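Let's take a walk through a protein together, starting with the whole chain and ending in its interior. Keep the picture at hand and look for each part as we come to it.

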Amino acid sequence: MSNATVDPETLRTKTIFVGLTDEQLGRILAVSRQGAALPGEVIIRENEPGDKLYVLLEGKVEVRHAGVRGETVLTSLEGRDALAAQYEGDFFGEMALFDLEPRSATVIAVEKCSFLILARDDLAELFAEDAAMHVTLFGNIARILSRRLRTANVHFG
């Protein structure tokens with residue numbers, strides 16, 4: 001799948017992009033890259049530097065990170081917007097993008113997947129041009145991250 005086959009309508013189905021206009025989604029597509037991974041392929045590695053946000057379009061990835069006591073903690077993220085998916089329009093890589101620290105987890109493809117890759121500098125440029133996009137996108141990200149925290153509190157709290 002290349003960016004040419006990803007259109008604003010496809011992005012609109014992802015929770016992270018809800019509320020953005022076709023023009024705004026088109027600008028996101030213009031600055032993003034398309035990525036793909038096969039099962040078992042490492043997409044990002046824990047402790048490496050990173051400045052990109054990955055939006056999962058199709059497939060499933062596993063997020064692995066060291067737990068408080070050193071054990072490996074696993075989380076699955078899905079790209080399909082289905083009621084069975086834990087998080088609609090999932091994304092990963094956001095922590096290193098926001099806090100400028102090394103990656104906090106390793107992300108591995110569980111099945112064939114495709115994703116958009118958005119670099120920090122490109123997002124900053126888009127946000128400087130369009131404050132409404134900035135507010136909408138970060139509001140969506142905040143809602144998704146809040147849902148993740150609530151789910152973690154229920155399962156581990």
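What follows moves from the overall layout to one strand, its sheet and the cores.

Before anything else, remember that this is a predicted model. The mean pLDDT of the protein is 81, and 78% of its residues reach 70 or more. One stretch needs care: over residues 80–88 the pLDDT is below 50, although the stretch has 22 contacts in the model beyond its near neighbours in sequence. Where pLDDT is low, the predicted coordinates should not be read in detail.

Now for the layout. The protein contains five helices and eight strands. If you start at the N terminus and follow the chain, you meet the elements in the order α-α-β-β-β-β-β-β-α-β-β-α-α. The protein has 157 residues, and buried residues make up 42% of them. Its accessible surface comes to about 8,500 Å², and carbon and sulfur atoms account for 55% of that. The chain also brings together residues that are far apart in sequence: among contacts between residues at least 6 apart, 73% join residues at least 24 apart.

A good place to look more carefully is strand E8, which covers residues 113–119. How many of the residues of E8 are buried? The count is seven of seven, so to speak a strand that is mostly covered. Both of its faces are covered: on one side sit Cys113, Phe115, Ile117 and Ala119, and on the other Ser114, Leu116 and Leu118, all of them buried. Take leucine 116 as an example: its relative accessibility is 0%, which is why leucine 116 counts as buried. The C-alpha atom of leucine 116 is separated by 5.1 Å from that of valine 55, although the two residues are 61 residues apart along the chain.

What are the neighbours of E8 in its sheet? This open sheet has four strands in the order E1-E8-E3-E6, with antiparallel pairing. E1 and strand E6 (91–92) stand at the edges with a single partner strand each, so one side of each has no neighbour in the sheet. Strand E1 (residues 33–37) runs antiparallel to E8 and is joined to E8 by five bridges. Among the facing residues, arginine 33 stands opposite isoleucine 117, and glycine 35 has phenylalanine 115 as its bridge partner. Strand E3 (residues 52–58) is also antiparallel to E8, with six bridges joining the two. Here glutamate 58 has serine 114 in E8 as its bridge partner.

Finally, let's go inside. The largest nonpolar core has 22 residues, and those with the most contacts inside it are Leu11, Ile16, Phe17, Ile28, Val55 and Leu137. The elements that give two or more residues to this core are helix H2 (22–31), E3, E8, helix H4 (120–129) and helix H5 (131–156). H5 provides the largest share, four residues. To see how parts of the chain meet, look at phenylalanine 17: leaving out residues up to four places away in sequence, phenylalanine 17 touches Leu11, Leu25, Ile28, Val55, Leu118, Leu137 and Asn140. There is also a second, separate core of 14 residues, which includes Ile43, Val61, Val63 and Ala105.

Key: Residues numbered from 1 in each chain as written. Predicted model: local features only at pLDDT ≥ 70, side-chain atom pairs only at ≥ 80, totals over all residues. Heavy atoms only, no water. Buried < 20%, exposed > 50% of the residue type's maximum accessible area, 1.4 Å probe, protein only. pLDDT = per-residue confidence, 0-100. Contact = heavy atoms within 4.5 Å. Areas by Shrake-Rupley, 256 points an atom, 1.4 Å probe, with all protein chains shown as cover. Pairing = 2+ DSSP bridges. Core = buried A, V, L, I, M, F, W, Y, C linked by side-chain atoms within 4.5 Å.
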